[in-house]
Amino acid sequence: MRLHSTSDNKVTADFRTAVKQGLAPDGGLYMPDSLPVLPDTFWVDAGKKDIASVAQHVFDTLLKDDFSDAERKEIVDRAFTFDAPVVSLDDTFHILELFHGPTLAFKDFGARTMAAILSVIAEKEGEKLTIVTATSGDTGAAVAHGFHKTPGVEVFVLYPRGQVSPLQEKQFTTLGDNIIALEVNGTFDDCQRLVKACFSDDQIRAQKQLSTANSINIARLLPQMIYYMHAVSVLIAEKGSGNPIVCSVPSGNFGNLTAGLMAHRMGLPVDRFVAATNCNHVVPDYLEEGEFIPKPSMRTLSNAMDVGNPSNFDRMQSLYNHDHEAMSRDIKGAWFDDFQTQSAIVDIWVKHGYLMDPHTAVGYLGCREYLQEGETGLVLATAHPAKFPESIEKFVPGALETPEQLKRLADRDKKSIPVSAGIESVRDAILRVV
Ligand SMILES: *Cc1c(COP(=O)(O)O)cnc(C)c1O
């Protein structure tokens, strides 16, 4: 697969290089030069297959020049180890549950695939890789689990002391082995700054081959196309292809929606998408008014979507050649405040006995707003409600059941290395641990 930068399409790379670099050298994001349209038979077959087989077929198509058959199989076997079932609330609303992975959020798909790809590259090239990543909670957990016990790769997760939930902290500080948590005496912004500082630090670079695992890596988007393809095919197999399908995506940095749009380019039979956000609604505003105005982010109940300047917007623009009209034909914007989110969680529980986390509830509301008579709604459920016990217990007391993945964490001990918010302290920690 050949890729180019969203800033300049003359800046190009092959897939391996793009994954290792993360960001293109000109600061743009990598996008595939072309995405093949899959034949009609694919969509019929995909509805009868499991998600791993669909992933294998798509990766074999897209990455045939980049990895051997055995390598592509290894990547899929390592990344696609859990299901993404479609649960129907009624005839109209269907929930695509993306939270059955080790950290109970959809980010497991992207993080595990990226980890599998980077470790295949490291193995082949005989390199040892050091991943340095900053997290405000969820990404760190998904990345840490994705890379846990991967030979040849060590991972440093920088996180702000006291500013991630106790549950999130346990998800990446209790793994051990090749996962090292650095507890930074500072903010999330400090952590991000320190990751950048590592990349320009001569002493670290002399001893370590650094790579990032941030959300802009193209390796995270490819696997996210797969669950759209699988779920839509399953819906069509069940209901026939008569009803137009509307796909609602709770969004923050818009990686998930971008993956859906890429799948659409490959023929995903979806009529339109809903970009559902909380009060951080710069993309819904753009879709409505045609102007993109980044804003400082605001805190909400659906905190993984508290993003004021979504990093994947450039990719969306590039897919539509900056044509606002074309984009707003395919994507409808919708946003909801915390009170609406909370009410939706309660309503759906009362009406359907189904518990949604705050992010998924925003997606559900977006779907409800744009669904017309006779259409089929597919809502992406991005996290398990048990990840947000404080909110859920308050709104629907007693409804929450704790899944195995979280129960297991309870008796594990936290291990982290405290560091100050300066590069010296972080460098010492990174270079001392071998
Ligand atoms: C990261 C995240 C989102 C937002 O996904 P984007 O790809 O950044 O738009 C939504 N819900 C949950 C639970 C998340 O962790």
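A polar contact here is a pair of N or O atoms within 3.5 Å; within protein, one must be able to donate a hydrogen and the other to accept it, and residues adjacent in sequence count only if both atoms are side-chain atoms. The model is predicted, so local features need pLDDT of at least 70 and side-chain atom pairs count only at pLDDT 80 or more, while totals for chains, interfaces and linings use all residues. Residues are numbered from 1 along each chain as its sequence is written, and side-chain values use heavy atoms, with hydrogens and water left out.

Now to the ligand. A backbone N or O atom of G252 sits 2.8 Å from one of the ligand's oxygen atoms, and a polar backbone atom of N256 is 2.9 Å from a ligand oxygen atom. On the side-chain front, T382 places a polar atom 2.8 Å from a nitrogen atom of the ligand. Taken alone, the ligand exposes 380 Å², and the protein buries 95% of that (areas come from the Shrake-Rupley method with a 1.4 Å probe).

Turning to the wider protein, UniProt lists residues 96-376 as "domain: Tryptophan synthase beta chain-like PALP" in an unreviewed entry; such annotations may be inferred rather than shown by experiment. That span is 49% helix and 16% strand, and its end C-alpha atoms lie 13 Å apart (helices, H or I, of at least four residues and strands, E, of at least two are DSSP runs, numbered from the N terminus).

Helix α19 (residues 423-432) holds R427. With contact meaning heavy atoms within 4.5 Å, R427 touches D201, Q203 and I204, leaving aside residues up to four places away in sequence.
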